[in-house]
Amino acid sequence: AGDAASAKVKPLATTLTRFELAVATALTTAIGLAFVSAPVLALCAAVSGAAALVVSLQARRLIGGYTGDVLGAAEQVAETACLLALAAVLVGPG
């Protein structure tokens, strides 16, 4: 959340190319479609993305950025949100 130049640990990856994003998206989509339908996968992606965005906005508001702990928390919150959405769809009401 502070100045990266004065941090004790330097970031290993600071950029993501379009190719890397495309490969990650394609692999994630292919693996997801092996287990659930496209609408369910889209729901999980939207819900987990929204949850990670909320964590990101809170971190920016509270500490002015993010740290490794914030990234870990965002991943855990996004995964939990996805699993809850998946359970809601697969189990249904009642």
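Buried means under 20% relative accessible area, exposed means over 50%, and partly exposed lies in between, using a 1.4 Å probe and protein chains only. This is a predicted model, in which local features need pLDDT of at least 70, side-chain atom pairs count only at pLDDT 80 or more, and totals for chains, interfaces and linings use all residues. Residues are numbered from 1 along each chain as its sequence is written, and side-chain values use heavy atoms, leaving out hydrogens and water.

**View 1. The whole chain follows the pattern α-α-α.**
The protein chain holds three helices and zero strands. Both kinds of element are DSSP runs, numbered from the N terminus: helices are H or I with at least four residues, and strands are E with at least two. The chain has 94 residues, and 15% of them are buried. Contact means heavy atoms within 4.5 Å. Take the contacts between residues at least 6 apart in sequence: 67% of these join residues at least 24 apart.

**View 2. Helix α2 packs its buried residues against α3.**
Helix α2 runs over residues 38–63. Its buried residues are V40, C44, S48, A51, V55 and A59. An α-helix has 3.6 residues a turn, so residues three or four places apart point the same way. The expected span of a helix is 1.5 Å times one less than its number of residues. For the 26 residues of α2 this gives 38 Å, and the end C-alpha atoms are 37 Å apart, so the two values agree. Just after α2 comes G64, with a positive phi of about 80°.

**View 3. Helix α3 packs its buried residues against α2.**
Helix α3 covers residues 68–91. V70, A74, A78, A81, A85 and L86 are buried here. With 24 residues, α3 reaches 34 Å from its first C-alpha to its last, close to the 34 Å expected at 1.5 Å a residue. G92 follows α3, and its phi is positive, near 80°.

**View 4. S48 sits in helix α2 and Q76 sits in helix α3.**
S48 counts as buried because its relative accessibility is 17%. Q76 has 48% relative accessibility, so it counts as partly exposed. The two residues are 28 apart in sequence, but their C-alpha atoms are 9.7 Å apart in space. Leave out residues up to four places away in sequence, and S48 touches A78, A81 and C82.

**View 5. C44 and C82 do not form a bond, because their sulfurs are too far apart at 3.4 Å.**
A disulfide is a covalent bond between the sulfur atoms of two cysteines. Here a disulfide is counted when a pair of cysteine sulfur atoms lies within 2.5 Å. How many disulfides does the structure hold? The count is zero. For C44, the closest cysteine sulfur is in C82. For C82, the closest is in C44. C44 has a relative accessible area of 6%, so it is buried.

**View 6. The largest pocket holds about 360 Å³ of space.**
The search uses a 1 Å grid over the protein atoms alone. A cavity is a set of points where a 1.4 Å probe fits but cannot get out, while a pocket is an open set with protein on both sides within 12 Å along at least five of seven lines. Grid points are joined across faces, edges and corners, and a volume is the space filled by probe spheres set on the points. Lining residues have an atom within 4 Å of a point. The largest pocket has 14 of them, and T28, G32, L41, C44 and C82 lie nearest its centre. Which helices supply at least two lining residues each? They are α1 (18–33), α2 and α3.

**View 7. The lining of the largest pocket has eight nonpolar, five polar and one charged residues.**
Ala, Val, Leu, Ile, Met, Phe, Trp, Tyr, Cys and Pro count as nonpolar; Asp, Glu, Lys and Arg count as charged; the others, Gly among them, count as polar.

**View 8. G32 lies in helix α1.**
Is G32 buried or exposed? G32 counts as buried, because its relative accessibility is 14%. G32 and A42 are ten residues apart along the chain, and 9.6 Å separates their C-alpha atoms.
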